[in-house]
Amino acid sequence: MDKAKSPLPPLPAVRAFEAAARLGSFSRAAEELAMTQAAVSYQIKLLEDRAGQPLFRRLPRGVAPTAAGKALQLQVGEALDMVRRGWAEVRGGGGQELVISAIASFAAFILGPRLGLFQVAHPGITTRVEVNHRYVDLEAGEASVAIRVGHGSWPGLAADLLFRSSYTPLLTPALMETYGPITQPEDLLRVPLVDAADPAWEMWFRAAGVDYVPQAERHSLGTQVLEVQAALAGHGACLLTPAYASGMIASGALVQPFDQVTEDDISVWLAYPEARRADPAVAAFRNWLLAEVADFDSN
């Protein structure tokens with residue numbers, strides 16, 4: 001005779017627990033599940049009674065899982081993901097959606113030229129890129145993964161280092177000819193600079209041993225995507241992250257006159273919920289992106 005299986009907890013209580021743990025709030029869980037807050041509280045209490053211990057700490061605003069709650073959240077999150085994927089296959093979808101929240105520069109220079117390769121390699125995964133400079137709530141499901149700039153430490157999230165934030169001057173060959181010869185960093189002082197008031201210019205010149213007085217700010221484009229467009233139009237030299245510039249340098253559209261690269265104290269990361277690390281779509285994208293980064297970072 002088969003050994004008796006351990007009883008399952010009430011599934012409505014499990015769903016309420018997972019939503020409350022992910023959202024950090026009984027009321028937000030109630031909204032997501034189309035339940036009342038009282039019903040969510042009842043289901044959580046039912047689960048805690050079965051567990052014989054509290055699963056949440058009640059905070060002034062919201063709730064947070066206890067140590068036991070965090071352990072259960074990890075397992076329940078993976079289990080519900082498997083159920084969702086299985087249900088999608090039964091319904092005939094068969095595919096998964098990967099929502100990628102990315103800063104504009106990474107989306108334009110890295111994902112835009114390369115994401116098609118990921119889609120060819122993983123036809124069962126539907127991708128959607130959302131350009132967003134705010135920190136979306138990954139644990140609440142606002143996106144599957146995110147490209148973030150920072151120090152790589154976000155509660156509840158795993159993060160893989162992609163590359164350090166750095167920058168170096170770039171300009172068109174025509175501008176090089178007009179203001180040349182440009183053989184020393186101080187020669188760039190003769191060239192119009194895109195976003196000349198950006199403190200990064202002073203940092204780069206200082207690292208190159210050149211005194212630079214920031215110009216009065218007349219305009220700011222605010223993103224490397226627009227700054228490089230201004231440089232390509234011949235309006236001046238721009239500061240750009242080398243990882244973003246590799247294609248334009250290789251094509252000859254832009255020239256990097258000096259090897260001097262100034263690093264910032266922050267980096268670019270791939271972030272995703274720790275509980276979703278084993279999700280096939282997240283794992284596939286993570287492995288692909290890290291390989292892409294290693295490839296262009298070594299060139």
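This is a short tour of helix packing and salt bridges in a predicted model.

**Stop 1: colour by confidence**

Start with the whole chain coloured by pLDDT. The average is 85, and 91% of the residues score at least 70. Now pick out the two extremes. Helix α4, residues 67-90, has the lowest confidence, with a mean of 76, while strand β5, residues 145-150, sits at the top with 92. Keep one habit for the rest of the tour: where pLDDT is low, the predicted coordinates should not be read in detail.

**Stop 2: α1 against α3**

Next, select residues 37-51, which form helix α3, and show α1 along with them. The two axes are 8 Å apart and the helices pack at an angle of about 110°. That angle makes α1 roughly perpendicular to α3, because anything from 65 to 115 degrees falls in that class.

Turn on side chains at the contact. From α1 you'll want P12, A13, A16 and F17; facing them from α3 are V40, Q43, I44 and L47. What classes of residue make up this contact? There are 7 nonpolar residues and 1 polar one, with no charged residues.

**Stop 3: R22 and E32**

Stay with α1, but go to R22 and add E32. The two form a salt bridge, with their closest N and O atoms 2.6 Å apart. E32 belongs to helix α2 (residues 26-33) and R22 to helix α1 (residues 11-23), so this pair ties together parts 10 residues apart in sequence.

Put a surface on and compare the two ends. R22 is buried, at 12% relative accessible area, whereas E32 is partly exposed, at 39%.

**Stop 4: D160 and R286**

Now jump to D160 and R286. Here too is a salt bridge, and its closest N and O atoms are 2.6 Å apart. How far apart in sequence are the parts that this pair ties together? The answer is 126 residues, since D160 lies in strand β6 (residues 157-170) and R286 in helix α10 (residues 280-298). On the surface view, D160 is buried at 13% relative accessible area, and R286 counts as partly exposed at 22%.

**Stop 5: R164 and E263**

Keep strand β6 on screen and select R164 with E263. Their side chains meet in a salt bridge at 3.9 Å, N to O. R164 is in β6 and E263 in strand β8 (residues 262-273), so to speak two distant parts of the chain, linked across 99 residues. Both ends are partly exposed: R164 has a relative accessible area of 34%, and E263 has 48%.

**Stop 6: the shared network**

Go back to R22 and E32, and add E18 and R276 to the selection. Salt bridges with shared partners join these four residues, E18, R22, E32 and R276, into one network. If you'd like to hunt for others, the structure holds 12 salt bridges.

**Stop 7: α5 against α8**

For the last stop, select residues 104-121 (helix α5) and 224-232 (helix α8). Their axes come within 8 Å and cross at roughly 60°. That makes α5 oblique to α8.

Show the side chains once more. A104, S105, A108 and F109 are the α5 residues here, and they meet Q224, V225 and V228 in α8. By class, this contact has 5 nonpolar and 2 polar residues, and no charged ones.

Methods
Residues numbered from 1 in each chain as written. Predicted model: local features only at pLDDT ≥ 70, side-chain atom pairs only at ≥ 80, totals over all residues. Heavy atoms only, no water. pLDDT = per-residue confidence, 0-100. Helix = DSSP H or I, 4+ residues; strand = E, 2+ residues; numbered from the N terminus. Axes fitted to C-alpha atoms, helices over the stretch in contact; angles between N-to-C directions. Parallel < 35°, antiparallel > 145°, perpendicular 65-115°, else oblique. Contact = heavy atoms within 4.5 Å. Nonpolar A, V, L, I, M, F, W, Y, C, P; charged D, E, K, R; others polar. Buried < 20%, exposed > 50% of the residue type's maximum accessible area, 1.4 Å probe, protein only.
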